[in-house]
Amino acid sequence: FPLYNADGTRSYYFLSNDVARGMDVFKWTGAGPAPWISDADLSIEKSDSNDPAPTGRNLTYTLTVTNNGPDAALNVQVTDPLPAGTDFVSATASGGSCGLFGSTILCSIGGLADGASVTFQIVVTPRQAGLIQNSATVGSSTGDPVLGNNTASETTSICRITSRRQSIPCI
């Protein structure tokens with residue numbers, strides 16, 4: 001596991017135990033990061049297909065996951081809870097697979113090479129007018145030195161196509 005030193009550099013430690021000797025802590029003192037440690041800066045971006053979007057019609061969210069390196073990311077997963085007031089239609093990926101589990105979409109990419117991207121299309125149907133917010137998060141089993149870009153959100157105005165004055169008009 002990495003620990004950050006006072007000067008901002010990282011030291012790498014690993015633990016070992018033995019019934020007779022107890023716990024041992026070893027520190028990596030070689031040049032650069034420990035050879036068994038890798039880092040991959042994953043980022044996610046999210047957009048909607050139309051805003052405002054009418055009730056009863058499909059609304060598509062596009063998610064793009066990018067590995068900004070420096071290493072490959074392993075066991076990459078995207079989690080996207082469906083916004084309240086929407087019905088799930090479909091989820092597709094340009095690489096990997098997606099499925100609906102309860103009210104959350106989980107997408108598994110597997111590995112993502114340094115510099116590679118994968119795109120997801122998530123389609124829902126809004127049932128009620130108002131504002132909805134949809135957030136998605138990406139993570140992996142590889143260390144990520146920049147966690148601030150692992151979540152993306154999109155707020156969409158949902159309108160109702162009707163002639164009644166009390167409804168939210170679609171403009």
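Phe 120 is buried, with a relative accessible area of 0% (buried means under 20% relative accessible area, exposed over 50%, and partly exposed in between, using a 1.4 Å probe and protein chains only). Before we dig in, some ground rules. This is a predicted model, where local features need pLDDT of at least 70 and side-chain atom pairs count only at pLDDT 80 or more, while totals for chains, interfaces and linings use all residues. Residues are numbered from 1 along each chain as its sequence is written, and side-chain values use heavy atoms, with hydrogens and water left out.

**Exercise 1. The overall plan**

Task: work out how many helices and strands the protein chain has, and what share of its residues is buried.

Solution. Start with the elements: the protein chain has 0 helices and 13 strands. Helices (H or I, at least four residues) and strands (E, at least two) are DSSP runs, numbered from the N terminus. Next, turn to burial: of the 171 residues in the protein chain, 35% are buried. Finally, check the contacts (heavy atoms within 4.5 Å). Among those between residues at least 6 apart in sequence, 68% join residues at least 24 apart.

**Exercise 2. Phe 120 and the core**

Task: find where Phe 120 sits, what it touches, and which core residues touch the most other members.

Solution. Step one: Phe 120 is in strand S11. Step two: skip residues up to four places away in sequence, and its contacts include Tyr 61, Leu 63, Val 65, Val 78, Gly 95, Cys 98 and Ile 109. Take Gly 95 as an example: it is 25 residues from Phe 120 in sequence, and their C-alpha atoms are 8.3 Å apart in space.

Step three: look at the largest nonpolar core (a set of buried Ala, Val, Leu, Ile, Met, Phe, Trp, Tyr and Cys residues joined through side-chain atoms within 4.5 Å). It has 26 residues, and Ile 44, Leu 63, Val 65, Val 78 and Phe 120 touch the most other members. Two or more residues each come from S4 (40–48), S6 (59–70), S7, S10 (104–112), S11 (117–126), S12 and S13.

**Exercise 3. Pairing the strands**

Task: put the strands of the open sheet in order, and say which stand at its edges.

Solution. First, a bit of background: strands of a sheet pair through backbone hydrogen bonds, either parallel or antiparallel. Here, two strands pair if DSSP finds at least two bridges between them. The open sheet has 6 strands in the order S5-S13-S12-S7-S10-S9, with mixed pairing. S5 (53–54) and S9 (97–101) stand at the edges with a single partner strand each, so one side of each has no neighbour in the sheet.

Now zoom in on the middle of that order. S7 (residues 73–81) and S12 (residues 130–139) run antiparallel, joined by 3 bridges; Thr 79 stands opposite Thr 137 in S12. S12 also pairs with S13 (residues 151–159), in the antiparallel sense over 8 bridges, and Asn 134 stands opposite Glu 154 in S13.

**Exercise 4. From S4 to S6**

Task: describe how S4 and S6 are joined, then follow Lys 46 and Thr 66.

Solution. S4 is mostly covered, with 7 of its 9 residues buried. It runs antiparallel to S6, with 8 bridges between them. Lys 46 has Leu 63 in S6 as its bridge partner. Lys 46 also lies over the face of Tyr 61, at 5.0 Å from the ring centre (NZ of Lys or CZ of Arg must be within 6 Å of the ring centre and within 35 degrees of the ring normal).

Thr 66 belongs to S6 and is buried, at 18% relative accessible area. Its side chain makes a 2.9 Å polar contact with that of Ser 117 (a pair of N or O atoms within 3.5 Å; within protein, one must be able to donate a hydrogen and the other to accept it, and residues adjacent in sequence count only if both atoms are side-chain atoms).

**Exercise 5. Backbone oddities**

Task: locate the cis peptide bonds at Pro 52 and Pro 70, and decide whether Asn 75 is buried or exposed.

Solution. Asp 51 and Pro 52 share a cis peptide bond, with omega about 10 degrees; Pro 52 is in the loop between S4 and S5. From Gly 69 to Pro 70 the bond is cis too, with omega near 10 degrees, and Pro 70 lies in S6. Asn 75, in S7, has a positive phi of about 55 degrees although it isn't a glycine. At 52% relative accessibility, Asn 75 counts as exposed.
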